[in-house]
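Good morning, and thank you for coming. I should like to take the group through one structure, beginning with a single helix and working outwards.

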Amino acid sequence: MFRFGVVALCLGSLYAQTQPNPEALWKEAVTLHQQGKLSEAIKDYQQLVKMYPDQPQLRSNFGAALAGSGHYAEAIEQYEKAIAIHPDPKVRLNLALAYYKETEFQPAIDELTKVHQELPDDKQATMLLADSNLQLGHNKEVIRILQPLYKSNPKDLAIAYMLGTALVRDGQTAEGQVVIDPILKNGDSAEARLLMGMTKMSVNDFAGARDDLKRAVELDPNLPDVYAYYGSALLSTGDQPGAEKAFKQELAHNPNNFDANLRMGVLLKQNDEFDKALQHFQRALRARPGDLAVRFQIASVLVQQSHLDEARVQLEQIVKEAPDFTEAHVTLATVYYRQKRKADGDRERQIVAKLTAERQAKQPGVKQGDAGTK
Amino acid sequence: MKRMWQRATILLVCFASVAVAKANSLTCASCHAKQAQSYPGNGMSHALMTAAESQVLRANPHLSVKKGIWSYAIKREGNRSLYTVTDGRETVTVPLEWAFGIDVGGQTYVFQKDGQYYESRVSYYKAIKGLDWTVGATDSLPKNLDEAAGRIIDPGERARCFGCHATHATEHGQMTFDTLVPGVQCERCHVGAEAHRDSFSDGMTAKPIAMKKLSSLSTEEVSNFCGQCHRTWAEIAMNGPMSTGNVRFQPYRLTKSKCYDTEDKRISCVACHDPHKPLDQVTEDYDAKCQACHTPSNAKAKLCKVASKNCVSCHMPKVELPGSHKFFTDHMIRIAGANGAYPE
């Protein structure tokens, strides 16, 4: 990854200043970087980029040191500058990885799509692209990306795990089970139990899901999403305190977990802890920018807090983007009535009645009138 | 001038009450005697009681029913009612703690087991004078003894149940058993009633603390106010049920009426129901409420071609809530055919 030698030669031949000596500084930076003394290496890189701002490899190395020490936003800046000077798919992959770590999944996808076009056989880039889409809930896109890779690597459990997850989340339970079957046969693993739990959740077998997810937690408490799913299963089986505890544990591992933030926010909203709920919703929104469910929750908190104008603007935008979002129309009607806008409220109520009738008409076997009137 | 006299009268009553308060502390009834006298006849005041106080349990010292493989019994022992569930091999017996509802329709019980609160899987129904599945309990049949005994009530649901059936039962969505007063008492609706009362107890040295005037609420606001417990249109529209199961959620049903108007107080909940009085069961008594709008001089509200009295018997038909052994008045006011579909 680091082309230290080449850059060192260039720098050495270009500059022969004594204070500070670029060659010595460069060697020191590289040594410190390789020794894992990142904060000291970063100081050296900072001096070097001031002297040589147009060296893409230097920017790239600086970005790697910053990313390694968790300064992803600064790393992104360095990687972008490096790419602007000289586009390099490997640096772009690092840039995407930094975006991923920063939970900026859409920019990560944008960069990874470019990398995937240039390096279609790069498994790491493909997996990261699929995973970023999975984080955003783009399950169909994950399936589209991974299916060719799965066909050429049918025994790769990591690919099967991610593809199986996307299929189950997309409601393609039967197809998902075929893909995850090798994982289940590979012995009792946290991954297998998580997938089993997710599958059972998708068919509303919450008690069964809870048992599998409990086992998954026992086998590997660090498995991504495991506590979020366990919390959801606990919530669905009536164990709210257990669910809260599980969501908190997921967030301790990954503060930006979408599901854990969304569900934790809903629980806090129910307890009238609106400010804390908003913090979780904002985090969830950061993980999935523009997510309608989260935006609706934020708007409903604003209604609870009587910030009616702000809520109305958000709800009007939501129903514009999603005209069939019944709950948003319901809440918007409530806001209009509270703001004494009767005509607008009545209009929203009519939309709700129409949407409800359409939804019921689509449900087979549901009778409109089964009342035993007397 | 009239208002002045009214105020003076209230003050006189209050002063008189304050004098009494030297020995007996003031109550809401001290000044609002009329409401206080009639309110105990309203079912809301007895919406919750301890199992020890339950008249249903006292009057029925031995209740039992067999449902499938499960046998249920509630036996009175002194002031306790013991709830026993068995399949012949395993048995659980727990004391009932709380009784939800009154004997007009039915009563459901809450008990604790292993630190969890449970809703009893069987309830008492007046119509059958005995036990049957609790409404909603047939959604899934019990797989084990715990499930046969009841359904775990999570803390959020528990706060909502007690929050509606009792007073001072919750704070910020959390249960507060230490302050809970069973039933819907003054302060449950009239927030600030106690501070208002106490300001009079203070010998009138300070300006009395006013309460929010609920009579100033619009029709929509009243619907949402009553709907806190009887369910709002928004709650049912979002979460359902979209079936005859929603007939007991009157604010939702009323909102669906063609004549419902968010700003017309003649269609508000309190236009027909005085919450301080027992529920009027005589259907003809509501005719005047309908005729507040449906008059020959009002072209917008048509006159009935069939009858001129007992409007609600046709236009607000009784609908059976599945599993409840009870018919509820459908508050969706409409022209309902004899075998017409239930508009969900």
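Helices here are DSSP runs of type H or I with at least four residues, numbered from the N terminus. By that definition, A:Leu95 belongs to helix H6 of chain A, which covers residues 89-101. Please bear in mind throughout that this is a predicted model.

Let me stay with A:Leu95 for a moment. Is A:Leu95 buried or exposed? The cut-off for a buried residue is 20 or more other C-beta atoms within 10 Å. A:Leu95 has 29 other C-beta atoms within that 10 Å, and therefore counts as buried. Leaving out residues up to four places away in sequence, A:Leu95 touches A:Ile76, A:Tyr79, A:Glu80, A:Ile83 and A:Glu111. Of these partners, A:Glu111 is 16 residues away along the chain, with a C-alpha separation of 7.5 Å from A:Leu95.

I turn now to the chain as a whole. Chain A contains 21 helices and 0 strands. Its C-alpha atoms fill a box of roughly 100 × 55 × 40 Å along the principal axes. Of the 374 residues in chain A, 43% are buried. If one takes the contacts in chain A between residues at least 6 apart in sequence, 40% of them join residues at least 24 apart.

A word on confidence. The average pLDDT of chain A is 88, and 92% of the residues score at least 70. Two stretches of chain A stay under 50: residues 1-18, for which the model has 17 contacts beyond four places in sequence, and residues 366-374, for which it has 21 such contacts. Where pLDDT is low, the predicted coordinates should not be read in detail.

Next, a helix pair. Helix H13 of chain A, residues 206-219, packs with helix H14 of chain A, residues 226-236, at an angle of about 150°, and their axes are 9 Å apart. The crossing of H13(A) and H14(A) is left-handed. Among the residues making this contact are A:Phe206, A:Leu213 and A:Val217 from H13(A), and A:Tyr227, A:Tyr230 and A:Leu234 from H14(A). By class, the contact of H13(A) with H14(A) comprises 11 nonpolar, 1 polar and 2 charged residues.

Some of these residues also meet helix H15 of chain A, in which A:Ala246 lies. A:Ala246 is buried, because 27 other C-beta atoms lie within 10 Å. Apart from its neighbours within four places in sequence, A:Ala246 contacts A:Tyr227, A:Tyr230, A:Gly231 and A:Leu234. A:Tyr229, 17 residues from A:Ala246 in sequence, is 8.6 Å from A:Ala246, C-alpha to C-alpha.

Helix H17 of chain A, residues 274-287, offers a check on geometry. At 1.5 Å a residue, its 14 residues should span 20 Å, and the end C-alpha atoms are 20 Å apart, so the two agree. Its buried residues include A:Ala277, A:Phe281 and A:Leu285. The buried residues of H17(A) pack against helices H8 (123-135), H16 (258-270) and H18 (292-304) of chain A.

Finally, the interface. How many residues does each chain bring to the contact between chain A and chain B? Chain A supplies 25 residues and chain B supplies 26. On the chain A side, helices H15 (240-253), H20 (326-338) and H21 (342-362) each give at least two residues. H20(A) gives the most, with 6 residues. The side of chain A that touches chain B has 5 nonpolar, 14 polar and 6 charged residues.

Thank you; I welcome your questions.

Terms used
Residues numbered from 1 in each chain as written. Chains lettered and ligands numbered in written order. Predicted model: local features only at pLDDT ≥ 70, side-chain atom pairs only at ≥ 80, totals over all residues. pLDDT = per-residue confidence, 0-100. Contact = placed C-beta atoms within 7 Å. Nonpolar A, V, L, I, M, F, W, Y, C, P; charged D, E, K, R; others polar. Axes fitted to C-alpha atoms, helices over the stretch in contact; angles between N-to-C directions. Left-handed = near helix turned anticlockwise from the far one by under 90°. Expected span 1.5 Å × (residues − 1). Buried ≥ 20, exposed ≤ 12 C-beta atoms within 10 Å, placed from the backbone.
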